Amino acid sequence: MTQVRDVPLSENGATKPRHAARLKKLVEEAAHCERCPLFREATQTVFGEGPIGALIMFVGEQPGDQEDRVGRPFVGPAGRMLDAALAAVGLDRGAAYVTNAVKHFKYEQRGKRRLHKHPNRGEVQACRWWLDQEFALVRPKLVVALGTVAAHAILNRPVVLARVRGRPLTLPDGRGVLATIHPSAILRMPDETMRRQAFGDFVDDLKRAVKVVKSLR
Ligand code: URA
């Protein structure tokens, strides 16, 4: 098993004060984002978090119910699944930057429940501005796209996840991209055997991601 506890995943931690200050300002600006209508129903903007200079950036789809309430990415059930997979590869979440393609929760109210709805292309496109700012400030070597929406947003083209999954790709600016499933897809598997298999495959993709980062350093 690839162990990466010995590999610092942040080149420079938060040692670039100007970039760190810019990121802080960006978070404040994003709190008032009205680039698409999703801000109207969401509790708050959920911006990315993690150190400037993180070598790996994880990009999910959009905050879920719990993230919307708490204001931080991947703190609900999908986040716990992500954390379990990161732990399985020995990857420290605190050294990675974690964000979403869309920064507001999109949902449909059903009684007391708020059911997740996929963002549409226009919403992803409107939010791309923030993601680009995050790329420019954090400057990750590798972006891991969690799910189809994130892969589409990052690669800037429609993707069939099964075709690109686990294959290291390079963006025109030289940044690496690796797409994998969204951790919530594991939670939706119909039985424990399938969940275990899907989790193992997800962990294998993350191991590949770590290998790519090592090769890019
Ligand atoms: N799903 C996502 O894509 N992002 C989150 O932050 C939480 C759930």
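**Exercise 1. A charge over a ring**

Find the residue that lies over the face of Phe-47, and then the one that lies over the face of Trp-130.

*Solution.* In this predicted model, Lys-103 lies over the face of Phe-47, at 5.5 Å from the ring centre. Turning next to Trp-130, we find Arg-35 over the face of that ring, at 5.7 Å from the ring centre.

**Exercise 2. Classifying aromatic pairs**

Search the whole structure for aromatic pairs, and decide whether Phe-105 and Tyr-107 are stacked.

*Solution.* The search of the whole structure gives 3 aromatic pairs. For Phe-105 and Tyr-107, the ring centres are 4.8 Å apart and the planes stand at 25°, and because planes under 30 degrees apart count as stacked, this pair is stacked. Both partners, Phe-105 and Tyr-107, are buried.

The pair formed by Trp-129 and Trp-130 has 4.9 Å from centre to centre and 85° between the planes, and it is edge-to-face. Ring pairs also link Trp-129 and Trp-130 with Phe-47 into a cluster.

**Exercise 3. Buried or partly exposed?**

Assign Trp-129 and Trp-130 to a class by relative accessibility.

*Solution.* Trp-130 has a relative accessibility of 5%, and since buried means under 20%, this residue counts as buried. Trp-129, by contrast, has 33%, which falls between the 20% and 50% limits, so Trp-129 counts as partly exposed.

**Exercise 4. The ligand and its surroundings**

Locate the ligand, name some residues around it, and describe its contacts with the backbone of Glu-61, Gln-62 and Phe-74.

*Solution.* Begin with the location: the ligand sits in the largest pocket. The residues that surround the ligand include Gly-60, Pro-63, Gly-64, Glu-67, Asn-100 and His-182.

Continue with the contacts, taking one residue at a time. A backbone N or O atom of Glu-61 is 2.8 Å from an oxygen atom of the ligand, and a backbone N or O atom of Phe-74 likewise lies 2.8 Å from a ligand oxygen atom. At Gln-62, a polar backbone atom is 2.9 Å from a nitrogen atom of the ligand. Finally, consider the surface: the ligand taken alone exposes 240 Å², of which the protein buries 93%.

Note on methods
Residues are numbered from 1 along each chain as its sequence is written. This is a predicted model: local features need pLDDT of at least 70, side-chain atom pairs count only at pLDDT 80 or more; totals for chains, interfaces and linings use all residues. Side-chain values use heavy atoms; hydrogens and water are left out. Rings of Phe, Tyr and Trp (its six-membered ring) pair if their centres lie within 6.5 Å; planes under 30 degrees apart count as stacked, over 60 as edge-to-face and the rest as tilted. Buried means under 20% relative accessible area, exposed over 50%, partly exposed in between (1.4 Å probe, protein chains only). A charge sits over a ring if NZ of Lys or CZ of Arg is within 6 Å of the ring centre and within 35 degrees of the ring normal. A residue is near a molecule or strand if one of its heavy atoms lies within 4 Å of it. A polar contact is a pair of N or O atoms within 3.5 Å; within protein, one must be able to donate a hydrogen and the other to accept it, and residues adjacent in sequence count only if both atoms are side-chain atoms. Accessible areas come from the Shrake-Rupley method with a 1.4 Å probe; for residues, only the protein chains shown count as cover. On a 1 Å grid over the protein atoms alone, a cavity is a set of points where a 1.4 Å probe fits but cannot get out, and a pocket is an open set with protein on both sides within 12 Å along at least five of seven lines; lining residues have an atom within 4 Å of a point. A molecule sits in a cavity or pocket if more than half of its atoms lie within 2 Å of its grid points.
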